[in-house]
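Trainee: Got a minute to go through this one with me? I'd like to start with the charged pairs and then look at some helix packing.

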Amino acid sequence: MKNAVSSRLSERTAEEVANAIYRPGMATFDDGALEAMCQLNEAHAVMLVEQKLIAPDIARSLLHAIGRIRSEGVAAIDLDPQFEDGYFAFENRLSGIAGAHDTGFIHTGRSRNDIGATLDRMNARALCLDMLEGVNRARAACEAAAERHAETIMPGYTHLQPAQPMTFGYFLTNVASALSREYDKIAAVYERINRSSLGAAAFAGTTFAIDRNRTASLLGFDGIVEPCLEAVGSRDFVTELLWTATSMLSMLSRVAQDMYVFCTHEFSALTFPDRVAGTSSIMPQKKNMLALEYFRAAAGRSIGALTGSLASVKGSNYSIGLDSVREGIADAWPSLSLFIDGMELLRLVFETATPDAERLKKRCYENFSTATDLADGLVREHGLSFREAHHVVGGAVQRALNAGLDAQGMTVEIINASAVDELGRPLALTPDFVRDCLDPVKSVAARTTPGGTAPVEVRRMLAALAVKRGHDAELVSMRRRAVEDAVGRLSDAVQALAA
């Protein structure tokens with residue numbers, strides 16, 4: 001039987017080839033893919049007739065046929081893998097409506113290579129905009145939670161051991177800052193995605209006097225990719241976008257791990273409403289924090305997709321091949337879609353996380369997280385070097401722990417016993433001095449240097465983050481409107497020619 005797409009091949013494609021290579025791609029040809037295909041073909045047809053490369057009556061025939069395909073939907077297209085991919089399946093249906101003669105002109109000055117690259121860029125562009133909008137919603141929720149908890153005292157940790165006091169709002173402000181930074185990485189990729197490959201043909205350009213910038217404009221691109229081999233032979237815009245998603249998910253995995261530990265019965269520092277949790281089929285007491293586990297797994301899955309894509313592409317030739325432009329990046333698309341879904345879950349996590357304020361403040365005394373403040377006080381008011389103060393306070397903490405006391409039980413006598421051991425003399429301390437130094441609320445409030453834990457500083461940082469987020473959101477809206485405006489211009493041009 002004759003090959004479905006080429007007279008050069010005298011045999012029908014083997015079922016093993018069709019099933020392994022072509023069928024998976026056909027299965028992903030959905031309504032979104034059909035709309036992108038219609039727009040791309042309309043833009044090319046408009047450009048061809050404007051450049052007098054095809055006759056107006058042929059252009060009208062093609063545009064009417066494309067409009068009919070759009071109205072019929074994917075169900076009317078024969079997605080037999082013998083057609084190899086969505087483009088040939090689309091062309092087959094186009095031929096069935098417009099006739100083989102007219103349909104043959106639609107491929108003037110282009111190749112399946114530049115079509116595929118342009119469709120990938122349109123898809124990546126849409127995903128990128130959705131990613132940015134999702135991250136912005138999560139950022140807003142994180143900043144709002146940080147504001148709510150700007151004065152909720154809690155221990156900070158290093159090496160997962162109690163360190164110095166902070167607030168839950170301060171913790172979330174740091175997360176919001178990281179989200180802003182990760183957002184910038186994603187946003188930067190958009191400029192490299194939003195360039196059209198159409199008109200590059202197979203890789204060498206074309207002898208037809210096409211206008212690549214015209215089709216780029218009609219499809220909402222900011223310009224074209226050149227040279228032409230680069231335009232069709234590289235999908236690094238996909239792997240770069242996947243890298244930014246992986247970078248952000250890796251950061252979120254660490255945040256989720258912190259919250260996960262805080263939610264354990266042993267910590268009992270953070271709770272979530274039941275609607276955010278799962279349970280057990282056998283243990284009736286269980287409340288499992290699946291939402292946090294999701295982000296630890298999502299980071300691993302994204303790392304796997306990125307590693308697989310790079311490993312596939314790195315061994316390919318610098319030209320067109322399944323490994324470089326199709327199979328090599330196949331796992332990237334679902335991974336990016338999962339990232340978008342995850343942003344709504346992340347927003348919910350920030351909206352519902354509730355710290356146990358009383359328990360956390362108490363722990364700041366129990367774990368001596370204000371010990372550094374006491375050492376700082378000895379430096380400021382009693383003339384000790386910081387290293388001397390460090391030794392004195394360390395010895396005093398050890399004595400208090402041995403006596404079963406927390407920071408509220410620390411006394412002048414305990415400190416001076418350590419001072420005598422370390423310095424050979426007692427210090428002129430007062431109970432008020434000791435109490436003030438070991439107060440976690442005062443400790444947090446005193447750190448007003450840029451980036452510090454003081455609530456006033458937290459709110460200043462949050463205000464700056466909110467301003468930046470507003471600017472970021474407006475830029476995303478502008479970019480989305482630019483694409484939508486291009487769709488409108490394309491529709492107007494189609495209607496004018498098809499009339």
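Mentor: What follows covers salt bridges and one helix pair in this predicted model.

Trainee: How many salt bridges does the structure hold?

Mentor: There are 33 salt bridges in the structure. One of them is between the side chains of Glu147 and Arg459, at 3.0 Å from N to O.

Trainee: Which helices do Glu147 and Arg459 lie in?

Mentor: Glu147 is in helix 6 (residues 112-148) and Arg459 is in helix 20 (residues 455-498), so this salt bridge ties together parts that are 312 residues apart in sequence.

Trainee: Is Glu147 buried or exposed?

Mentor: Neither: Glu147 counts as partly exposed because its relative accessibility is 35%. Arg459 also counts as partly exposed, at 32%.

Trainee: And Arg399, what does it form a salt bridge with?

Mentor: Arg399 pairs with Asp421, and their closest N and O atoms are 2.3 Å apart. That pair links distant parts of the chain, with Arg399 in helix 16 (residues 386-402) and Asp421 in helix 17 (residues 412-423), 22 residues apart.

Trainee: What about accessibility for Arg399 and Asp421?

Mentor: Arg399 has a relative accessible area of 31% and is partly exposed. Asp421 has 53%, and the cut-off for exposed is over 50%, so Asp421 is exposed.

Trainee: Which residues are joined into one network by salt bridges that share partners?

Mentor: Arg137, Glu344, Arg347 and Glu351. Within that group, the salt bridge of Arg347 with Glu344 has its closest N and O atoms 3.2 Å apart. Both residues lie in helix 13 (residues 332-352), three residues apart, about one turn of the helix. Arg347 is partly exposed at 23% relative accessibility, and Glu344 is partly exposed at 29%.

Trainee: Switching to packing. At what angle do helix 11 and helix 13 cross?

Mentor: Roughly 160°, with the axes of helix 11 (residues 290-314) and helix 13 coming within 10 Å. Angles over 145 degrees count as roughly antiparallel, so helix 11 is roughly antiparallel to helix 13.

Trainee: Left-handed or right-handed crossing?

Mentor: Helix 11 passes helix 13 in a left-handed crossing.

Trainee: Which residues meet there?

Mentor: On the helix 11 side they include Leu292, Tyr294, Phe295 and Arg301. On the helix 13 side, Leu338, Gly342, Leu345 and Val349 are among them.

Trainee: How do the contact residues divide into nonpolar, polar and charged?

Mentor: For the contact of helix 11 with helix 13, ten are nonpolar, four polar and one charged.

Terms used
Residues numbered from 1 in each chain as written. Predicted model: local features only at pLDDT ≥ 70, side-chain atom pairs only at ≥ 80, totals over all residues. Heavy atoms only, no water. Salt bridge = Lys/Arg side-chain N within 4 Å of Asp/Glu carboxyl O. Helix = DSSP H or I, 4+ residues; strand = E, 2+ residues; numbered from the N terminus. Buried < 20%, exposed > 50% of the residue type's maximum accessible area, 1.4 Å probe, protein only. Axes fitted to C-alpha atoms, helices over the stretch in contact; angles between N-to-C directions. Parallel < 35°, antiparallel > 145°, perpendicular 65-115°, else oblique. Left-handed = near helix turned anticlockwise from the far one by under 90°. Contact = heavy atoms within 4.5 Å. Nonpolar A, V, L, I, M, F, W, Y, C, P; charged D, E, K, R; others polar.
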